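I am learning to read protein structures, and I would like to go through one by asking short questions. Please answer each with a little reasoning.

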Amino acid sequence: MLRRTGAIGALIALLTALFLTPSAFTADRPARPAKAADDGCRVLAPGATAAAERAVDTACAQVAAGVWYTWGGGHGAQPGPTYGKVDPTDPASEHDPERLGFDCSGLVRYAYAQATGADILDGDASAQYYTHRTAARFTAAEGLAPLRPGDLLAYGTSADLHHIALYLGAGKMVEARQSGTKLMVSDVRLGSGYFGAVRVHTGAVEGPVLRTWGTGVWTKAQPSVRAARVYAFPGPTTVRVACQKHAESVTAEGYTNDAWSYLPDYRAWVTNIYIQGPAWLDGVPACTT
């Protein structure tokens, strides 16, 4: 009888160790934020990186917590919810200064900061979509087929991207949409100004990374002032530069220079006048074509 009792005790201890304590096989897995309820916000398709899945989990935890949209929210010195501001164009934002929460880009910033341990997507929707941390880009015409959970969905135009959200998979996204609402899961709106998507590269950035200066600086489809405009930097912006070449001479801001740099994350060129550094940038290779 004593022998059976000892065996049963040992079995109970074994089952407790297996089912009630963390397994050695999961100890190295990054922790996911807990959710209070099944609100439909979760990774809904395969193929995402572990960091992208953590970003989705972080955003979804905020949905489960009932966090408010608030204009300007999430853009403090560190990623995280902040009190908002009144949007002069939106009467519904009158209570945003009283609400602790996120706007669209504030939520994306926080999600990827929590996922990576670094503030890699600070900025507004345009800055996030045109980040130098780009793994892949997708046009609106490509639809949802190539997308994976954690990709960023942008709305607006190349010069004015005004909204951004995180893709969940299965045609769903998590977003901070507008004043007067809480963070939510929505069907992806392929109309309504959908511009395209970007997949975030969370590892080390390859190639020279420099910074522009000035405001309203346009990038061009070709190294020429007469070429089509691609995107305007609203202010100083960190950019990845692939190469530089001598092309059309430009005079601006009291400088004259014929050197242009190719920015692969924008698929566009910018005169070196607006890149901080010498006229011919140190450490940037010459373009071969």
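The questions below move from the whole chain to its sheets, its cores and a few single residues.

Me: Before we start, what kind of model is this, and how are the residues numbered?
Reply: Side-chain values use heavy atoms, with hydrogens and water left out, and residues are numbered from 1 along each chain as its sequence is written. Local features need pLDDT of at least 70 and side-chain atom pairs count only at pLDDT 80 or more, while totals for chains, interfaces and linings use all residues, since this is a predicted model.

Me: How many helices and strands are in the chain?
Reply: Helices (H or I, at least four residues) and strands (E, at least two) are DSSP runs, numbered from the N terminus. Counted in this way, the chain has 4 helices and 16 strands.

Me: What share of the residues counts as buried?
Reply: A residue is called buried under 20% relative accessible area, exposed over 50%, and partly exposed in between, using a 1.4 Å probe and protein chains only. The chain has 289 residues, and the share of them that counts as buried is 44%.

Me: In what order do the strands of the antiparallel open sheet stand?
Reply: Two strands pair if DSSP finds at least two bridges between them. Strand S4 (134-139) and strand S8 (184-187) each have a single partner strand, so one side of each is left without a neighbour in the sheet, and these two stand at the edges. The 6 strands of this sheet therefore follow the order S4-S9-S5-S6-S7-S8.

Me: Which residue stands opposite threonine 134?
Reply: Strand S9 (residues 194-200) pairs with S4 in the antiparallel sense, over 5 bridges. Within S9, the residue opposite threonine 134 is valine 200.

Me: At what angle to S6 does helix H2 run?
Reply: Axes are lines fitted to C-alpha atoms, for helices over the stretch in contact, and angles run from 0 to 180 degrees between N-to-C directions. Helix H3 lies across strand S5 (152-157), S6, S7 and S9, and runs at about 45 degrees to S6. Helix H2 (residues 50-64), for its part, lies across strand S6 (160-169), strand S7 (172-175) and S8, and its angle to S6 is about 100 degrees.

Me: What is the partner of tryptophan 68 in the mixed sheet?
Reply: The mixed sheet is open and has 3 strands in the order S1-S3-S2. S1 and strand S3 (residues 100-102) pair in the parallel sense over 2 bridges. In S3, the bridge partner of tryptophan 68 is glycine 101.

Me: Which helix gives the most to the largest nonpolar core?
Reply: A nonpolar core is a set of buried Ala, Val, Leu, Ile, Met, Phe, Trp, Tyr and Cys residues joined through side-chain atoms within 4.5 Å. The largest such core has 55 residues, of which Tyr112, Leu152, Leu166 and Tyr266 touch the most other members. With 7 residues, the helix that gives the most to this core is H3 (residues 104-116).

Me: Is arginine 109 buried or exposed?
Reply: Arginine 109 lies in helix H3, and a polar atom of its side chain lies 2.9 Å from the backbone oxygen of glycine 76. Its relative accessible area is 1%, so arginine 109 is buried.

Me: How far apart in space are glutamate 142 and glycine 196?
Reply: Glutamate 142 has its place in the loop between S4 and S5, and it is partly exposed, with a relative accessible area of 39%. Although glutamate 142 and glycine 196 are 54 residues apart in sequence, their C-alpha to C-alpha distance is 8.3 Å.

Me: Which residue has a side chain in polar contact with the side chain of glutamate 248?
Reply: Glutamate 248 is found in strand S14 (residues 243-252) and is buried, with a relative accessible area of 19%. A polar contact is a pair of N or O atoms within 3.5 Å; within protein, one must be able to donate a hydrogen and the other to accept it, and residues adjacent in sequence count only if both atoms are side-chain atoms. At 3.4 Å, the side chain that makes such a contact with glutamate 248 belongs to arginine 226.

Definitions and conventions
Contact = heavy atoms within 4.5 Å.
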